[in-house]
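Visitor: I would like a close look at a single part of this model, please. Could you take me to the place where two chains meet and explain what is there?

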Amino acid sequence: MASAVSARKNVSGPTIPPAVLKAMLAIFLFIIVPVALSWIGGGYLFQVATTTLIFIILASSLNLVTGTAGLLSLGHAGFYGIGAYAAALLSTRLGLSFLATLPLAGVAAGAVGVLVALPTMRLVSIYFAVATLGIGEMIYVILLNWTGFTHGPMGIRGIPPIDLLGWQPGTPLFDYLVVAAVTALSLWAMSRLMHSYYGNALRAVREDDQCADAMGLNVVRLKIEAFGVSCFFAGIAGALFCHTAGFISPDQFRFAESINILAMVVVGGLGSLPGAVIGAALLIILPEALRSFGDFRMIAIGSIMFLSILLQPKGLLGEASALDLLRRQFGQGWSGNFATRVGWR
Amino acid sequence: MIDIYFVQQIINGLSIGLVYALIAIGFTLIFGVLNVVNFAHGEVYTIGAFAGLMLITWIAPPVLAIVLMVLAAGAFVGIGLERLAFRPFRRFRDEASLKSRAMREATLLSSLAVSITAREVMNLAFGSQMQTIPHAYLLQRPIVFGQLSITVGDLVIFVASALMLASLQFMLFRTRIGLSIRAVSNSPLGARYVGIDTDRAIVATFAIGSMLGAAAGILVGLYDGMITPQMGFAPGIKAFVAMVMGGLSSIPGAVICALILGVSESVATEFLASGWKDLVSYSFLIVTLVFFPQGLFGVGRERA
Amino acid sequence: MIRNSLRALALMALAAGVALGSLPAAAQTRKIVLGYELPLSGDSSHYGEVFRNAADLMLEDFKASGGLPGADIVIRYEDSKNDAREARNIAQMFVDDKSVVGVLGDFSSTVSMAVGEIYAKAGMPQLSQTASHPDFIKISKWQFRNVTTQAYEGPFNAAWMREQGHAKVAVVAIQNDWGLSAAESFANAFKAKGGSITSIEYFNPGVRDFRSILTKINRAAPDGIYLCMFYEEGASFLEQRQQLRVAAPVFAASSLYNEQLLQLAGSAVDGLMLSSTFVPTNPDPRVQSFVTRYTEKYGQTPSQFAGQAFDAVGIVLAAIKKVGPTVTRDTLRDALAGTTDYPGVTGVTTFDPQTREPAKTLARMIVTNGKYSVIR
C-alpha cells in the first residue's frame, strides 16, 4: 500500500462508494447483528457483543491518546472506573436517568483527565507513562478505600438499566442497540478528530514535539486536549458498562485492565482507529471462543497475542494502512481523481 | 527520646525498599540499554524463586550453592527471553521502523504477552497457591537490638544489593563487555558504526539483568518463606516506578528511589489507614516527576 | 483433553435428546445439568481446583447411592477466573442453556453479585459456596449460599475472646467486602460485650508485608489481635508477628483455617485460635468418610473450602432429588428454599425461611505443636 508509488499512477477510487460503505456498516451493526443474535436466541451472545462494543470505545479512546498523540497512558482503566462510578453514584444516589448520567460520567472522567494532564504535560514518554500508571493506581486505591463515598470493596449494587426517557425494557436487545448507537457516535466523533488536520497535528506532536512547537502548534494544549477527550470517552464507556452490568466494584478497574486495553490497541495497530476496533473485538471474542480449551485457555490467548505481535508488529491493521484505507474507501481524502491522496477533506 | 516504634517503621520501610531495589537493579540495566520496558522481568524473578525451590527439593545443596545455581538459571532464562521476545523486533533496521513508536510498543507488548503466558504455565505446573520453602533454608531468624528487630534475611538482602551494585559498576566500567553495553545504551547505531557487536552486548545485558532478577527472586523467597507464581507482578510495578523516579539511566538512583518508596509506604501506615499507603507512594512519584521531570538523578537523554 | 471430548459427547447427546423430544418422558432419561462457575485459571485457581474436586466427589457419591431415577445429572464447569466480566458471560451461557436447572458459584462475593443480577433477571437458582457479602442474598429470591455470614461468626468470636479475658483488641482485616463485614461485625459485637477496639487496620488485597501494621499495633499494646484474612496473608502475618516479637495472642475467623497454613507459617502458628465450621478430625462418620475419600482421591486433606463446595453440591442434589426428574428452575428454587437440616460435613444446614440465610454451628479450634485441635 505504498501511497508514494501509486500517487504517480492514476489509481481507481474506492471500490465501493463511501456513502454505501458507511450505510453497509450501519446496517451490519444495527440490523444484521441484532437480528442474527436474536434469531440464535439467548442473552449470551448479546452479552459478548455489548462488551465488545464497550471495549471498542475504550480501545479507540486509548488509541487517540497513545496511538495518535503518542502519549503512552497506562492508567486508562482508572478513567473508565471514574466514568462507571460517576454514572453509578448519580443514578443510585440522585436518581438521574441514563440520558443524564452518560454525558455527566464522560465529563467527570474528562475533567479528572484534564486535571491530571495539566501538571504532567512536561513529562516525556516513559515518565509520562509511569505518571499515568501511578494515577491509575491512585484512582483504584481511592475507589477502594473511600468507603463513605464509593462503598469501597462492597461495590455499588442495583444500578438501574438503560432507560430512554422512561422507556426501560431492560432486554439484551435493547441494551445492545443503545450501546451500539453510542459506540457508533463515539467512533464517528473520534474518527473526525483523528482523520483530519487536527489529527495530523497530533501526529506531528507525536513524531517530534519540538519540531511541532517550532511550526507553531500549541503542543501543550494539544496534548491536554487529546488526553481530556480520550478520558471523556473512557468515561462514556464506563457509564455504558455500569448500566448494562447492574453492579460495579473497584477491582474491575485495576492496572491489569489498563494493560488489557493497551494490548487491544497494540495488537490492532497503534495509531489506527479500525485497528483498535479489530483489536478490541479480537481480544474479547477470542477468550470466549476458546472456552473449550479449558485450563489451557489463558496460555492460548497469551500465545496468540504474542504471535500476532511477532508477525505483525505494526498491528493487524497498522496506521499507514488504516489511514490509507480511510482516505480511499471512506472518501475522507481529498476529492478528485484520487490520484493524489494527500490531505483530508 | 526517639520514638522506637517510628524507628522500627523506618527499618520496616528500608527492608521493603531493599526488595524493590533488588528487582529494580536488573530492570534498570535492561531498560537502560534497550530503552524498552521488560514486562517479563517480574516473571524472571518468579522463575528464579521456583528454580530455587526445585533445586532445594531435588538436591538440597547449601544456600550459597543455590544462589549460584539460580544465577545460572536466570542467565539462561534471560538469554532465552531475549531471543524469544526481543530479538525478533530488532530485525527491522529501516529508519521508519527504528523511529516508529508502534515498534517500541510492540516490543513492550511482546514481553507482556510472554509474561502472561509464563505466569499461566507456572500456575498450571505448580498450582497458583503459595508454596513453602523448607524451613532449614529460611532466612527468617530475627536479630534483636533492644526493642528493634530485623531478620537475618534483611541483612542478607542488604548485602546482596550492595554486592550487585558494586559488581555491576565494576563490570560496566572496567570490562570490555561493560564498555560495549554502555556504548549500546548511549547510541545503538553509533555503537554499530564503531564496530561493536550490538547483538552480543544486548544478549549480555539480558543475561546479567535476568541473573540479578532471578537472584532477587530466590532471596526474597527465602526471606518470605513462601512463593507463588503471582509474586512477581506487584513488586515489578514498584521496581518500574522506582526506576523511572530515579532517572532512567541511573542504577544507584533506582535503588535510592526504591528505598524512598519503601520507607514512604511504611511511614504512611503510621499516620493513615494502611489501605492508603499506595496513594502516598504514588503521590511521591507524581510530585517527584513534577519537580524533576527527568527523575531524581536522571541526566538528559536524547529525545525519545 | 478428555474432558473436552466428554463435553462434546454430552452436548451431542443433549442435542439428540432434544431432537427426540417427542418421546414420552418416562421412557427417556432426562439430562439435567448443573452449572458450576469457578476460577480454574488465574490467581484463585487453587480454590477453584478444590471446589471442582469436592464437587466431583459429591456427584460420585450421589450416583453411587442411586442417583435420580429417570434423569442423568452432570456438572458443567466453566472457568470464570474470579473475574466479573468472564463470569457474566458464563452466566448468560448457563441461562441460555435450557438443560441447566441451577448454578453453583462463584468464588468471591463481588463476582457472585455481578452474576447474581443476571440470574435474578432470568430466574435461575444460584447457590454460592463462599459468597458471604451481606447484600448477596438480598439481590433476589434466586440467590442462596451455604456459608455463614460474618454477621454470625463475628459475635461468636467476640464472645469467645471476651470469655478468655481480653479487653483491648486490635483488628486486622483485608480490604474487601468480606473483610469489611467481618471486621465490623466482630468489632461491634466486641464493644457491645464491654471490650474496646484499639484500631481496625485494613490492608489492600495482595499486601504481604505486615510489619508496618504490626509495629503500629504494638505501639497501642492490645491484649489480643483478631484477624480477618485468608491463610496466605495469615501465614505471613503470623511469621512477621513472631519476628517483631508482638506478644498479643491471635484469634482468627474461619477463613484462616487450612492445612496449608500450618506448613506456611511453621512455628509461628502455634497458639493461634480460630473458629471453623469444618473440622476434619470430627468423629462424625459423614465427615470422616469425606475426609478419607478426598485424601485418597486427591492426595491432600480437604480444607474448609472443599467442605463448603461438597455441601453446596450436596444441598442442590438433595433439592433436585426431592422434586424429581421433572425439576425446573422454579421448582428447584422452591426446594432449595425449603432446605432443612441438611446433614453436611460443614455442619447441619438449614436455610431460614424468611431470609434464606444458612444457620450452622461453629467450632473453636486452637493450633498446638503444628496441629489443629478442637477446644470444647
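**Where chain B meets chain C**

Guide: Let us start with one pair: R208(C) and D224(B) join their side chains in a salt bridge, with N and O 3.0 Å apart. A salt bridge here is a side-chain nitrogen of Lys or Arg within 4 Å of a carboxyl oxygen of Asp or Glu. Between chain B and chain C the count is two salt bridges.

Before going on, a word about the model: it is predicted, so local features need pLDDT of at least 70 and side-chain atom pairs count only at pLDDT 80 or more, while totals for chains, interfaces and linings use all residues. Residues are numbered from 1 along each chain as its sequence is written, chains are lettered from A and ligands numbered from 1 in the order in which they are written, and side-chain values use heavy atoms, leaving out hydrogens and water.

Now back to the interface. Across chain B and chain C, nine residue pairs are in polar contact, both residues being at pLDDT 80 or more. A polar contact is a pair of N or O atoms within 3.5 Å; within protein, one must be able to donate a hydrogen and the other to accept it, and residues adjacent in sequence count only if both atoms are side-chain atoms.

Which part of chain B gives the most to the side that touches chain C? That is helix 1 of chain B, with seven residues. Helices (H or I, at least four residues) and strands (E, at least two) are DSSP runs, numbered from the N terminus. Other elements of chain B that each supply at least two residues to this side include helix 5 (101–126), strand 2 (142–145) and helix 9 (198–224). The residues on this side of chain B divide into 10 nonpolar, 21 polar and seven charged. In this sorting, Ala, Val, Leu, Ile, Met, Phe, Trp, Tyr, Cys and Pro count as nonpolar, Asp, Glu, Lys and Arg as charged, and the others, Gly among them, as polar.

How many residues does each chain bring to the contact? Chain B brings 38 residues and chain C brings 32 residues, where contact means heavy atoms within 4.5 Å. Together the two chains bury about 2,900 Å², with 47% of it on carbon and sulfur atoms. Buried area is the accessible area (1.4 Å probe) that two parts lose on being put together, summed over both. Of the area that chain B buries against chain C, 20% comes from Y5(B), M130(B) and M226(B), more than from any other three residues.
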